[in-house]
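Biologist: Please take a close look at a single part of this model, the largest pocket, and describe what lines it.

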Amino acid sequence: KILPVTIIRISGLFIRVLVIYIFFNYYRDVIPLLPLSRVLETIVIVCSLQCLFFVCKSNFKFIINLHVIRILFLRGVKLWPALIFMYLFQRLDRFYIEYYFSFDVLGQYGIAVQLMEQGFLLLGIVVQSISPKLIYLKASPNEIRGNLLKLLIVIFLVSVIFLILGYVFIPYFIFVVYGDNYSLASDISKGMLFAIIFFGIDTVITQYLYREKKSLYILLKWIAMSIIMSVSYYVAYSVVRIESLSIVYIINYILMSLIS
C-alpha cells in the first residue's frame, strides 16, 4: 500500500513548506523557529500513518514477544556502530570541500550531493522492495547467490537509467529551482552520476551481508571507507592538486563497492 504512504509523506513536506513560508513572512527572527517545521511535519506524518494503519489493518494483530524483541535488539546493537561510521563516511566530504575550497563552493557541492542522495534513496527503495523476494528467503546458498546475481543485473540496469535521466534533467532542475548562479552545482552533479552505479552494486551486496549477519564485516567496511575517504581527499587536493570535485567522489564509491 505504497500510494497512501507516499501521499502522506508528500503532505508532510507540504506542511513543512507552508510553515516555513508563514515564518518568513510573519516573523522577524526565523532561524529558531525552523526546527519547528520539522517537528510539525513529523507529527502530521505519524498521526496520518496511524490513521492509515487502523483503516487498513484488517485482521492484523500486534503481539509483544520478548524473544523476538531480544533478537531484534541484539542484532540492532551489533549494526549500530557500522551505521555511525556509514553516516560519517557520507558526511566527511563536506569538511574537506570547505577546507580546500570555500563556503561558496561547499554550497554548490552540497546541492549536487543532495541530488545524488535523492537518487541513492530511490535506488535503495528499489533494492529493499525486491530483496525480500530474492535474498531474504529460505533457500540454498547457491540459489541465494543466483538471486543475488539477478538482483545485481536489475539494479545495474536501473542505475544506468537513473544516470541517463539525471544527466538530461538535472541541469534543468537546478536552473528552475536555484537559478543561473548555481551552474557549478549542475556540472558537479553530472560528473558524480557514475557513482550511482557503484552505489547500487554496493547496496545489493550489503543486503546479502545483512542477511548473513556479517555485522563485523559491515563495520570494518565503513571504518575502512572513512579512512580511505580522508586519505583520498588529502592526496587529491594537497598532493596531486586535482581541480575536479566529482572524480574523488566517484573513486570513493568505486572503492566502496569493491570492498563490499
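Modeller: What follows describes the largest pocket and then a helix pair that contributes to its lining. The model is a predicted one, and in it the largest pocket holds about 1100 Å³ of space. Its lining is made up of 40 residues, and those nearest the centre of the pocket are Leu83, Met86, Gln128, Gln207 and Tyr210. Five helices each give two or more residues to this lining, namely H3 (66-100), H4 (103-134), H7, H8 (215-239) and H9, and the largest share, 14 residues, is that of H3. By residue class, the lining of the largest pocket comprises 22 nonpolar, eight polar and 10 charged residues.

Two of these contributing helices, H7 and H9, also pack against each other: H7 spans residues 195-211 and H9 spans residues 247-259, and their axes lie 8 Å apart at an angle of about 20°. Angles under 35 degrees count as roughly parallel, and H7 and H9 are therefore roughly parallel to each other. The crossing in which H7 passes H9 is left-handed. On the H7 side the contact involves Ala195, Phe198, Phe199, Ile201 and Asp202, which meet Tyr249, Ile250, Tyr253, Ile254, Met256 and Ser257 of H9. The residues of this contact between H7 and H9 comprise nine nonpolar, one polar and one charged.

How values were computed: Residues are numbered from 1 along each chain as its sequence is written. This is a predicted model: local features need pLDDT of at least 70, side-chain atom pairs count only at pLDDT 80 or more; totals for chains, interfaces and linings use all residues. Side-chain values use heavy atoms; hydrogens and water are left out. Axes are lines fitted to C-alpha atoms, for helices over the stretch in contact, and angles run from 0 to 180 degrees between N-to-C directions. Helices (H or I, at least four residues) and strands (E, at least two) are DSSP runs, numbered from the N terminus. Angles under 35 degrees count as roughly parallel, over 145 as roughly antiparallel, 65 to 115 as roughly perpendicular and the rest as oblique. A crossing is left-handed if the near helix is turned anticlockwise from the far one by less than a right angle, and right-handed if clockwise. Contact means heavy atoms within 4.5 Å. Ala, Val, Leu, Ile, Met, Phe, Trp, Tyr, Cys and Pro count as nonpolar, Asp, Glu, Lys and Arg as charged, and the others, Gly among them, as polar. On a 1 Å grid over the protein atoms alone, a cavity is a set of points where a 1.4 Å probe fits but cannot get out, and a pocket is an open set with protein on both sides within 12 Å along at least five of seven lines; lining residues have an atom within 4 Å of a point. Grid points are joined across faces, edges and corners, and a volume is the space filled by probe spheres set on the points.
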